[in-house]
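This report describes one protein chain, beginning with a surface feature and moving on to a loop position and the chain as a whole.

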Amino acid sequence: MKTSRFVAMIAVVAVLLLRQLGAYVSPAARTWQMAAAILLWLIVGILLLVKKERRKPAAAAYIVVACAIAATAWGTFGQVTPAELVLRDSQETITRVSLRVRDGQSSWEWVPSEGEPALSGEEEHWIEGGSASELLRGLGEVSLRNYRLGPSRTETELDDLTIFTSAGNSIYLHGADGVFTVRVNGDNLRGKWEFAAPISDYLPRQVLEWACS
C-alpha cells in the first residue's frame, strides 16, 4: 500500500473518531460513524494482506490495525444505568420526581409517599402519594446507551425527567424524540443517550396519565 494512501485513510479514521468527542453526537450518528471507522480499519488490513507484504513492518501494521479496531469499539460505545450515575448508597430512596411528557405544556411534580397517588389541592400540577419502588428498580434495570443497537426501543413518553434522592443527589434527563442529554448533580454526561427500554414504564400509571392529560 502506498504511504500516501495509508496516511489518507488513517486521517479519515481520525476525523471520524474525533467527531465522537463532541458532546452532541446522537446515538444513531455515533453508531454509523463508528461503523465507518471500523470498516476503514478493516480495509487497511485487507489491502495490506492483498499486497502480501511479509516484511516485519507489515506484520506490525496488522497488529496495529487489530488493536485500533478493538480500541475504537471499546473507547466509543458506552452503556450505564441511571442508578450507577445517581445512587451512591443502597439505602437511598426517591423523594421527588419532575416530569414532562412529549408535547406536554406543563411540568409535573410527583412526591412519592404512602397511600395512593392524588392531586394536590393546593399546588397545580402536583401529585402526592404512590410508591416509587418500581421507578427505583427501573433505574437499576434500564440502561442508557450512547449508541443504537437494532431498532429504536427508547423512551416514547417523556421529554424531561428529573429524579431527586434522599441523599441530595439528582439526575436530570432532557430529551427530544427519545434522545436525552444527561446531567448528574449539575454535571453534564458527555454525549447523547437513549434508554434501552422506556423508563416511563416504571412510573405509576396514574401519575403518567395525569401528566399526559
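## A nonpolar surface patch

In this predicted model, the side chains of L39, L42, I43 and I46 make up a nonpolar patch on the surface, and together these residues have about 350 Å² of accessible area. One of the patch residues, L42, lies in helix α2, which covers residues 27-50.

L42 counts as partly exposed because its relative accessibility is 43%, a value that falls between the 20% limit under which a residue is called buried and the 50% limit over which a residue is called exposed.

## A glycine in a loop

G186 is placed in the loop between strand β9 (179-184) and strand β10 (187-195). The relative accessible area of G186 is 53%, so this residue counts as exposed, given that the exposed class takes in values over 50%.

With regard to its surroundings, G186 is 8.0 Å from S170, C-alpha to C-alpha, while the two residues are 16 apart in sequence.

## The chain as a whole

The protein chain holds six helices and 10 strands, and of its 213 residues, 42% count as buried. When contacts between residues at least 6 apart in sequence are considered, 62% of them join residues at least 24 apart.

The accessible surface of the protein chain amounts to about 12,000 Å², and carbon and sulfur atoms contribute 57% of that area.

Key:
Residues numbered from 1 in each chain as written. Predicted model: local features only at pLDDT ≥ 70, side-chain atom pairs only at ≥ 80, totals over all residues. Heavy atoms only, no water. Helix = DSSP H or I, 4+ residues; strand = E, 2+ residues; numbered from the N terminus. Buried < 20%, exposed > 50% of the residue type's maximum accessible area, 1.4 Å probe, protein only. Contact = heavy atoms within 4.5 Å. Areas by Shrake-Rupley, 256 points an atom, 1.4 Å probe, with all protein chains shown as cover. Patch = residues over 30% accessible without salt bridge, like charges linked within 9 Å, V, L, I, M, F, W, Y side chains within 5 Å. Salt bridge = Lys/Arg side-chain N within 4 Å of Asp/Glu carboxyl O.
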